[in-house]
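Reader: I have the structure open and want the labels explained. Please set each value against its rule.

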Amino acid sequence: MTKNISRLLELISEHIEIMQVEEENLIKITNRIKLVKQPYRNILELRFVEGMKVEEVSVEIDKAYRYTKALIKKAIKEYAKL
């Protein structure tokens, strides 16, 4: 029983470390997205920070699906230039 509890505590500790790294990465990405010009900044935030699907982004920005896909592609290129 003690061995199981010890292993459980190890797993919890590993999970916390992973969550901290993920949070740091999200903060870095979010800060970098803030450097992207509009409208690409909003597109990146909706798609990658808020986790919206392309369809949801297109509804949010009131644009056609294909146009939204093109905007996302351009936004990623703008992000990559930084």
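Author: What follows takes the helix contacts, then a few single residues. This is a predicted model.

Reader: Why are helix 2 and helix 3 called oblique to each other?

Author: Helix 2 covers residues 40-49 and helix 3 covers residues 54-61. Their axes cross at roughly 140 degrees. Roughly perpendicular takes 65 to 115 degrees, and roughly antiparallel needs an angle over 145. The angle fits neither class, so helix 2 and helix 3 are oblique.

Reader: What is the distance between these axes, and which hand does the crossing of helix 2 and helix 3 have?

Author: The two axes come within 10 Å. Helix 2 passes helix 3 in a right-handed crossing.

Reader: Which residues make that contact of helix 2 and helix 3?

Author: Helix 2 supplies Ile43, Leu46 and Arg47. Helix 3 supplies Val54, Val57, Glu60 and Ile61. By class, that gives five nonpolar, no polar and two charged residues.

Reader: What makes helix 2 roughly perpendicular to helix 4?

Author: Helix 2 and helix 4 pack at an angle of about 105 degrees. The range for roughly perpendicular is 65 to 115 degrees. The angle falls inside that range, so helix 2 counts as roughly perpendicular to helix 4. Their axes are 9 Å apart.

Reader: Which residues does each helix bring to the contact of helix 2 and helix 4?

Author: From helix 2 come Tyr40, Ile43, Leu44, Arg47 and Phe48. From helix 4 come Leu71, Ile72, Lys74, Ala75, Ile76, Glu78 and Tyr79. They divide into nine nonpolar, no polar and three charged.

Reader: How do you know that the charged end of arginine 32 sits over the ring of tyrosine 79?

Author: The distance limit is 6 Å from CZ of Arg to the ring centre. For arginine 32 and tyrosine 79 the value is 4.4 Å. The charge must also lie within 35 degrees of the ring normal. The pair is listed as a charge over a ring.

Reader: How many aromatic pairs are there?

Author: Ring centres must lie within 6.5 Å to pair. By this rule the count is zero.

Reader: What is the form of the peptide bond from glutamine 38 to proline 39?

Author: That bond is cis, with omega near 0 degrees. Proline 39 lies in the loop between helix 1 (2-33) and helix 2.

Reader: What phi does aspartate 62 have?

Author: Aspartate 62 has a positive phi of about 60 degrees, although it is not a glycine. Aspartate 62 lies in the loop between helix 3 and helix 4 (65-81).

Definitions and conventions
Residues numbered from 1 in each chain as written. Predicted model: local features only at pLDDT ≥ 70, side-chain atom pairs only at ≥ 80, totals over all residues. Heavy atoms only, no water. Axes fitted to C-alpha atoms, helices over the stretch in contact; angles between N-to-C directions. Helix = DSSP H or I, 4+ residues; strand = E, 2+ residues; numbered from the N terminus. Parallel < 35°, antiparallel > 145°, perpendicular 65-115°, else oblique. Left-handed = near helix turned anticlockwise from the far one by under 90°. Contact = heavy atoms within 4.5 Å. Nonpolar A, V, L, I, M, F, W, Y, C, P; charged D, E, K, R; others polar. Phe/Tyr/Trp six-rings, centres within 6.5 Å; stacked < 30°, edge-to-face > 60°.
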